Amino acid sequence: MSFAQRLIKRAIQPYPYRSALVLLFPCIVVLLIIILFVRHPKSGVGILIPSGAPPAIRKISTDHDQVFVTGCLDPDTSQPRANAAIVVLARNKELEGVIQSVKSLERHFNRWYNYPYVFLNDGEFNSTFKETFGQIDPAHWGFPDWIDPKVAKEGIAKQGDAAIMYGGMESYHAMCRFYSGFFYKHELLQKYEWYWRLEPEIKYFCDITYDPFLKMIEANKTYGFTIAVKELKETVPNIFRYASAYKRINNLTSQGLWEMFVEPQPDKPKDLPEDDPNFKRPLPEEILRGDPSRVSLPDIDPEAMEGEKYNMCHFWSNFEIARLSWFRSKEYEDFFQMMDRSGGFWMERWGDAPIHSLGGCIATTLDEKKRKEEDEYWVDWDPVKENGVGCRCKCDTDIVDVEGKQGSCLAEWVDVAGGWASP
């Protein structure tokens, strides 16, 4: 065999390591596909989930509040119902979303307890709505007579230009103001003592086999919430100034919840003797005795009021249950009137949630309510978690719990509620 023939033979003969790579490549591809499939939240495969019981839920202290019911009960419908209604603010175009929400609440709660619905609209309802419905008084929805509509519209337009969420929507501003200080004044709600807010396009993930209205009455509760989160700072730049001013003007002291909505105070420095090199005379004495050109003034936080700064926390009002007499109280009404007259519902984008939260923590002590969608889906529910309190829950694994996201105010709530009861 010539040299050229040997060279050609070597060139076309595959190297051993190349054969190994050819064999390994499809195996690697298959392995990657399996890993991606298993890790995908919709795959339904639990290979990566440790076997055994689901992860435990941390328990919150019961010093100030206790869970009404743990697990499931046989719904007791023998007791008289509370004087309560489920309130829905919706427009005709939101009919499908309202149907979804009502189906969910009926499936998980109201099929047993049959509380009435009250539907409210800033326009006229069409004939499709069959339950109690009413039109909102224009005086409770549009611009009040003491504000210049042109100025308010300009303020709303500027918020839209600044891309503030919902800031450019006049109807959203009106809705927030209505839910802050007028919904409980509607004639259809005058006969009720309690309300449960229901929003279009929502779902409940657990059965509620007890009556939260009756439980709140038994425990002397006033307000219940499901989620506590931080507000978008650009929507409420001056809300805390007015809330703090109301508290100061009326000589009100914290009832135990104000601290949840303010930034933690730094530790007060210890008093130093005058011969200490780090000693500084208090103002204005330091200014009077020293050289003005060499005196450094302390930094002043432009957002602080009375030494306190709003941490943006609030109870999310979309699922709230509340005693209407609390909204109708003189304390809350006076608070709302001051906040309303500031113009913040129009010139800024104040939501009803921070108004309820700040107004509530000034006037009373608020309490937590347990979290509360068809039938074939709910035949099989999630395994019970250690320290869990829900009944026949089936949670959406594609959605991260709010409590696990940045911006949650669960930690702030736990601080005022007595701390954690379990690691």
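**Surface, core and side-chain pairs in a predicted model**

M165, Y166, M169 and L232 together make a nonpolar surface patch of about 360 Å². The structure is a predicted model. Within the patch, Y166 belongs to the loop between α4 (149-161) and α5 (170-181). With a relative accessible area of 39%, Y166 is partly exposed. For the protein chain as a whole, the exposed area is about 25,100 Å², of which carbon and sulfur atoms supply 55%. Of the 423 residues in the chain, 39% are buried. The secondary structure consists of 13 helices and eight strands.

Two elements illustrate the buried part of the chain. In helix α13 (residues 410-417), the buried residues are W413, V414, V416 and A417. The cover over these buried residues of α13 includes β7 (313-315). After α13 comes G418, which has a positive phi, near 120 degrees. The second element is strand β8 (residues 321-323), which contains A322. A322 counts as buried because its relative accessibility is 0%, and buried means under 20%. Leaving aside residues up to four places away in sequence, A322 touches E193, W194, Y195, T222, Y223 and F327. One of these contacts, Y223, is 99 residues from A322 in sequence, yet the C-alpha atoms of the two are 4.4 Å apart in space.

The model contains 12 salt bridges. One of them joins the side chains of E199 and R197, with a distance of 2.7 Å from N to O. Both E199 and R197 are buried. Another links E412 with K230, where the closest N and O atoms are 3.6 Å apart. K230 has 33% relative accessibility and therefore counts as partly exposed. A further salt bridge is formed by E231 and R349, with 3.7 Å between the closest N and O atoms. E231 is in the loop between β6 (228-230) and α7 (239-249), while R349 is in the loop between α11 (344-347) and α12 (352-363), so this pair ties together parts that lie 118 residues apart in sequence. E231 and R349 are both buried. In addition, R107, D207 and R392 are joined into one network by salt bridges that share partners.

Aromatic rings were examined next. A pair of aromatic rings is described by the distance of the centres and the angle of the planes. The whole structure holds 38 aromatic pairs. Among them is the edge-to-face pair of Y246 and F335, with 5.4 Å from centre to centre and 75 degrees between the planes. Because Y246 lies in helix α7 and F335 in helix α10 (residues 330-341), the pair ties together parts that are 89 residues apart in sequence. Y246 is buried, at a relative accessible area of 6%, and F335 counts as buried at 1% relative accessibility. F335 also forms a tilted pair with Y332, at 6.4 Å centre to centre and 45 degrees between the planes. Y332 and F335 are both in helix α10, where they are three residues apart, or about one turn of the helix. Y332, like F335, is buried.

Charged side chains are also placed over aromatic rings. The charged end of R81 sits over the ring of Y115, at 5.5 Å from the ring centre. K247 lies over the face of W258, 5.0 Å from the centre of the ring.

Technical notes: Residues numbered from 1 in each chain as written. Predicted model: local features only at pLDDT ≥ 70, side-chain atom pairs only at ≥ 80, totals over all residues. Heavy atoms only, no water. Salt bridge = Lys/Arg side-chain N within 4 Å of Asp/Glu carboxyl O. Buried < 20%, exposed > 50% of the residue type's maximum accessible area, 1.4 Å probe, protein only. Helix = DSSP H or I, 4+ residues; strand = E, 2+ residues; numbered from the N terminus. Areas by Shrake-Rupley, 256 points an atom, 1.4 Å probe, with all protein chains shown as cover. Patch = residues over 30% accessible without salt bridge, like charges linked within 9 Å, V, L, I, M, F, W, Y side chains within 5 Å. Contact = heavy atoms within 4.5 Å. Phe/Tyr/Trp six-rings, centres within 6.5 Å; stacked < 30°, edge-to-face > 60°. Lys NZ or Arg CZ within 6 Å of the ring centre and 35° of its normal.
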